[in-house]
Amino acid sequence: LSTSGNGERGIVGAGRRRGHLLDPRTGEPAPDIGSLSVLAPDATSADGLSTGCYVLGPDEAFRRAAAEPELALVVLEPAGRGLRARVSAGLRGRVRALVDDLTLELVAAPPAADVPTPSPR
């Protein structure tokens, strides 16, 4: 299991906080989505996949998890005054909310997105 997110590291520049996880497609920090955890067959794979999936964003990460049965995801996102935990099908029946302000959702693969790859600057 490995978790990636921008909550613990980052820099403040020009009055704006920027995360430390960079999107190699743009050279810019990945948007702050909360945190993304990956359960994979081994620790090294989980570490690389959690960072890569975080940079891809939740929708693309869930599409990848749907295509790779050994990959399971948990995305924790701010939701109002609490948190929303979205989990992939690989964790069906294996997770439960332990606090009242956590909404738990099972995510099937989101529909394919026709999103162009950002051009480098």
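Two strands are said to pair when DSSP finds at least two bridges between them. With that idea in hand, the sheet of this predicted model can be followed strand by strand. Leucine 83 stands opposite leucine 102, a residue of E7. The strands E6 and E7 run in the parallel sense where they pair, and six bridges join them. In general, the strands of a sheet are held together by backbone hydrogen bonds, in either a parallel or an antiparallel arrangement.

Stepping back, E6 and E7 belong to an open sheet of five strands, arranged in the order E1-E4-E5-E6-E7. The pairing across this sheet is mixed. At its edges are strand E1 (2-5) and E7, each of which pairs on one side only. From one strand to the next, the twist averages 20 degrees. Helix H1 packs on the sheet, where it touches E1, E4 and E5. The direction of H1 makes about 30 degrees with that of E1.

The next topic is the interior. The largest nonpolar core contains 17 residues, and those with the most contacts inside it are Leu36, Val38, Tyr54 and Leu73. Two or more core residues come from each of strand E4 (35-39), helix H1 (43-56), helix H2 (58-67) and strand E5 (72-79). The most, four residues, are given by H1.

Val38 offers a handy way to look around this region. What is valine 38 in contact with, leaving aside its neighbours within four places in sequence? Its partners are Leu1, Ser2, Ala46, Leu49, Ser50, Leu71, Ala72 and Leu73. One of these, Leu73, is also among the core residues with the most contacts.

Helix H2 can be read in a similar way. Its buried residues are Pro58, Ala61, Phe62, Arg63 and Ala65. Together, the buried residues of H2 pack against E4, H1 and E5, as well as strand E6 (82-88) and strand E7 (102-107). As a general rule, an α-helix has 3.6 residues a turn, so residues three or four places apart point the same way.

Finally, there is the empty space. Rolling a probe the size of a water molecule over the atoms shows where such space is left. The second largest pocket holds about 220 Å³ of space. It is lined by 16 residues, of which Val74, Val87, Leu91, Val95 and Arg96 are the closest to its centre. The elements E4, E5, E6 and E7 each give two or more residues to the lining. Which element provides the largest share of this lining? That element is E5, with four residues.

Technical notes
Residues are numbered from 1 along each chain as its sequence is written. This is a predicted model: local features need pLDDT of at least 70, side-chain atom pairs count only at pLDDT 80 or more; totals for chains, interfaces and linings use all residues. Side-chain values use heavy atoms; hydrogens and water are left out. A nonpolar core is a set of buried Ala, Val, Leu, Ile, Met, Phe, Trp, Tyr and Cys residues joined through side-chain atoms within 4.5 Å. Buried means under 20% relative accessible area, exposed over 50%, partly exposed in between (1.4 Å probe, protein chains only). Contact means heavy atoms within 4.5 Å. Axes are lines fitted to C-alpha atoms, for helices over the stretch in contact, and angles run from 0 to 180 degrees between N-to-C directions. On a 1 Å grid over the protein atoms alone, a cavity is a set of points where a 1.4 Å probe fits but cannot get out, and a pocket is an open set with protein on both sides within 12 Å along at least five of seven lines; lining residues have an atom within 4 Å of a point. Grid points are joined across faces, edges and corners, and a volume is the space filled by probe spheres set on the points.
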